[in-house]
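Me: I would like to go through this structure by asking about one feature at a time. Please give the reasoning first and the value or name last.

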Amino acid sequence: MPGIIDSIALIVSSLATTVGAANALYLGTSALLYGGLALGSMALQSMLVEKPKVPKPDDGSYNLKQSVPSLPYVLGRVKKGGDYVFLEEKAGVAYHVIVWAGHRIQGYVQHYLHDEKATLDGDGDVTSPAHFTSSGGVPCVRILTRLGLNAETAYSEITSAFSSVWDSNCRGDGLASVQMQARTTNQKDFMNVFPNNMPEHSAVGDGALLYDPRKDSTQGGSGAHRYDNPSTWEFSKNIALMRLWHLCHPVGGKMSYENMYLADWGNAADVCDENVTNRSGATEKRYHGGFWFRASNDPIEVGRIMDEAAELVVYERADGKIGVHAGEFVTPDVRLTADSIYSIRVDKNKRRANTVLGVRGRYVSTAKDYITEDAAIYGDPYAVVDDSTERTRTFENAAIQSHNHCQRKQKLTYVRANARKVSVVADYTADGVRNIPYRRFVTVHYPSRGLAEATVEITSSVTIDLRNMRISFSGILVSSSLYDFNAATEEGEPGEAVEPLPDEGVPEPENFAATIETEVVSGGATAAFINATWDFEDSMLTHELEYDRTSGSTGVQSVFSVAGDTQVRSGYLVDGEEYQVRLRAWGGGTKSEWTDYVLLTATADPVAPGAVNSVSVTPAAGQATFQWTAPNSSNYFACRIYINTVNDLGTATLAATEYGPPSATDLRVVASLAAGTYYAWLRSINPSGVEGTAVATGSFVVT
């Protein structure tokens with residue numbers, strides 16, 4: 001009969017609540033109870049429509065390109081990509097604008113390009129990894145950011161390059177965004193600068209600013225926070241404050257802060273901020289974390305993630321305000337005895353199929369670039385009870401970012417899974433019973449059923465039957481040590497996560513050697529070239545030999561080997577010139593580092609000509625005239641004259657070179673000699689500069 005309320009669910013969200021009970025917070029508690037009413041029917045139908053799931057942490061490792069994506073919301077510190085709003089190229093530069101969050105954020109902590117951490121200079125240019133800088137020293141990637149202020153500033157580089165489509169009004173007000181510029185480079189450097197092609201940006205950032213009633217002097221706290229002025233809020237990883245924000249935000253509960261019982265929320269925030277000691281002896285906060293979601297995600301699911309992570313139970317108080325039970329044990333102030341209980345059912349929960357031997361957990365590891373990692377197993381999944389069957393339960397929560405936090409939750413999952421279950425129907429008129437809907441723990445004293453001052457944690461919605469004046473609920477038996485945790489003995493060793501190996505790139509050639517060799521060319525002349533060799537590494541690698549005159553009179557030249565070969569030769573060299581030579585490998589469009597330079601002198605003709613003969617010297621004032629007959633050698637090219645003041649060819653100085661044909665008599669005057677005694681030697685050379693035997697003139701005196 002309409003108007004008669006048979007039962008009303010007063011707990012709107014709890015640890016073990018059903019989806020329907022949790023939806024009561026947003027759809028209205030009474031709507032779910034009247035299937036015949038239009039409103040109730042519509043509410044039930046909306047519950048059957050599957051909404052997008054809350055993204056897993058790993059889902060944020062890439063940037064999304066789609067039309068009008070749902071806005072992302074970031075709570076706490078997370079690593080994620082973003083949503084493209086602009087991607088164009090001009091003059092060899094690709095301009096990306098990516099929305100990282102659909103609201104004001106605290107700031108960016110670390111930028112990533114693919115999986116590599118990026119270091120930025122004051123202009124936003126990426127200085128590390130070094131491969132994002134071209135061989136000419138020009139940075140090829142620049143990253144600029146906006147925090148999502150109410151009135152943002154447009155990216156000037158884009159407004160200048162694309163003024164016709166992106167002007168100064170394209171500010172992105174209220175959107176935390178990233179602008180990434182990727183500058184192209186020459187073909188040889190491209191795969192070294194961009195080994196994974198276009199960089200994929202993601203970032204670790206501190207998300208939304210949150211209201212904290214403990215810092216509001218108008219709500220019994222101390223500070224300048226005001227729930228109606230978001231500019232006074234601050235960033236926090238406190239999960240209770242995240243839940244409060246979500247309940248009062250349009251993408252969450254759509255409630256107002258005036259409807260919140262802020263004393264409860266302040267206490268819950270205090271519990272989340274309590275210090276706990278982890279297995280390494282370090283201190284961390286009890287219930288801190290972070291995650292992200294989209295505006296299109298089911299707010300019930302989003303809220304459940306936070307409730308589960310921080311052990312929160314959200315409920316409606318008798319005065320209509322929304323309170324919260326913090327993740328702590330509270331000594332019960334409601335006591336039920338056999339006199340006030342109509343019926344009680346105790347389930348020892350010892351059935352073989354239901355016994356949980358271990359809990360497997362997964363959490364987000366902030367120390368390993370925010371990847372989802374396996375925690376240590378709590379319990380012994382292979383313990384022999386009455387058979388050898390493994391019986392485990394899996395716990396995973398996107399907001400948990402600590403191994404200790406995950407282990408504490410695994411223990412609670414283990415304890416609750418194996419706890420005795422209790423269902424109670426009590427007299428609604430008994431002392432204190434009417435407070436049960438607003439409590440998390442109650443005391444039940446029923447010795448005949450083995451319950452002597454037993455503590456029950458309520459895990460279901462509390463129902464009130466006003467027709468029969470009864471109240472009923474279900475729960476599990478727990479102790480006051482429910483939240484106790486000794487990290488030294490209970491946390492265990494975290495699982496090992498696979499870490500990507502650093503890219504070693506193409507290996508540098510080993511045992512590189514280069515020599516000058518000659519061959520006969522047209523006309524019977526000989527020409528010199530460089531022959532380079534190295535050790536075999538892989539049949540897919542090609543090698544580039546680079547050579548250049550040390551004098552710098554010509555440009556750098558290079559030649560490539562055939563894939564899999566272990567040698568390559570250069571083109572013909574300028575005879576007698578010194579060259580610097582080096583080698584590098586190529587594979588898959590990328591190249592190795594260069595080897596060290598090897599210095600070589602080109603020698604087309606290694607055969608020395610015959611010695612000059614009939615050598616004589618005629619000294620005079622300040623000069624000397626040298627005369628000789630060239631050898632009858634076809635490769636004779638010139639005669640070099642060495643002079644010294646002592647009889648030592650090794651320290652003599654080259655004074656002149658006289659070119660001439662073979663077998664001819666030739667002479668050369670060497671002037672500008674100071675008065676004194678001298679010694680001289682004449683040596684023939686071929687076109688490659690290879691010298692013949694030196695012929696001494698003996699001593700002579702210049703006046």
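Reply: Two strands count as paired if DSSP finds at least two bridges between them. The model is a predicted one. With that rule in hand, we can begin with a sheet.

Me: In what order do the 3 strands of the open sheet lie?

Reply: The pairing in this open sheet is antiparallel. Its edge strands, β38 (613–620) and β42, each pair on one side only. From one strand to the next, the twist averages 15°. The order is β38-β39-β42.

Me: Over how many bridges do β39 and β42 pair?

Reply: Strand β39 covers residues 623–629, and its pairing with β42 is antiparallel. One position to look at is T625, which stands opposite V669 in β42. The number of bridges between β39 and β42 is 7.

Me: Why is helix α6 described as largely enclosed by the rest of the structure?

Reply: A residue is buried when its relative accessible area is under 20%. In α6, the residues that meet this include L262, D264, W265 and G266, and A268, A269, V271 and C272 are buried too. Among the elements that cover them are α5 (239–247), β15 (283–285) and α7 (299–310). Helix α6 (residues 262–272) is largely enclosed because its buried residues number 8 of the 11.

Me: Which element gives the largest share of the largest nonpolar core?

Reply: In soluble globular proteins, nonpolar side chains tend to be buried together. The largest nonpolar core here has 56 residues, and L75, L244, W245, M260, F291 and F293 touch the most other members. The largest share of this core is 7 residues, and they come from α5.

Me: How many residues make up the other core, which lies apart from the largest one?

Reply: This other core includes I341, V346, I458 and L477. Its residue count is 24.

Me: Which residues does L244 touch, leaving out those up to four places away in sequence?

Reply: L244 is one of the residues that touch the most other members of the largest core. A contact here means heavy atoms within 4.5 Å. The residues that L244 touches are Y211, P213, Y257, M260, L262 and W265.

Me: Which two residues are joined by a cis peptide bond?

Reply: Omega of this bond is about 5°. The proline of the pair lies in the loop between β8 (126–128) and β9 (141–146). The two residues are S128 and P129.

Me: Is A91 buried or exposed?

Reply: A91 lies in the loop between β4 (83–90) and β5 (93–101). Its phi is positive, about 55°, although A91 is not a glycine. The relative accessible area of A91 is 75%, and a value over 50% counts as exposed. A91 is therefore exposed.

Me: What is the relative accessible area of S672?

Reply: S672 lies in the loop between β42 (665–671) and β43 (676–685). Phi of S672 is near 60°, which is a positive value in a residue other than glycine. S672 is exposed, and its relative accessible area is 74%.

Me: How far apart are the closest N and O atoms of R226 and D216?

Reply: Side chains of opposite charge can pair when their charged atoms come close. R226 is partly exposed at 27% relative accessibility, whereas D216 is buried at 0%. The two form a salt bridge, and their closest N and O atoms are 3.0 Å apart.

Me: How many residues apart are E311 and R440?

Reply: These two residues form a salt bridge, with the closest N and O atoms 3.3 Å apart. Both E311 and R440 are buried. E311 is in the loop between α7 and β17, and R440 is in the loop between β25 (421–427) and β26 (441–446). Their separation is 129 residues.

Me: How many residues apart in sequence are the parts that R640 and E691 tie together?

Reply: R640 and E691 form a salt bridge with the closest N and O atoms 2.8 Å apart. R640 lies in strand β40 (residues 638–644), and E691 lies in the loop between β43 and β44 (695–702). The parts that this pair ties together are apart in sequence by 51 residues.

Me: Which residues do salt bridges that share partners join into one network?

Reply: The count of salt bridges in the model comes to 34. Some of them share partners, and the network they form joins E311, K409, R416, R440 and E457.

Technical notes:
Residues are numbered from 1 along each chain as its sequence is written. This is a predicted model: local features need pLDDT of at least 70, side-chain atom pairs count only at pLDDT 80 or more; totals for chains, interfaces and linings use all residues. Side-chain values use heavy atoms; hydrogens and water are left out. Buried means under 20% relative accessible area, exposed over 50%, partly exposed in between (1.4 Å probe, protein chains only). Helices (H or I, at least four residues) and strands (E, at least two) are DSSP runs, numbered from the N terminus. A nonpolar core is a set of buried Ala, Val, Leu, Ile, Met, Phe, Trp, Tyr and Cys residues joined through side-chain atoms within 4.5 Å. A salt bridge is a side-chain nitrogen of Lys or Arg within 4 Å of a carboxyl oxygen of Asp or Glu. Axes are lines fitted to C-alpha atoms, for helices over the stretch in contact, and angles run from 0 to 180 degrees between N-to-C directions.
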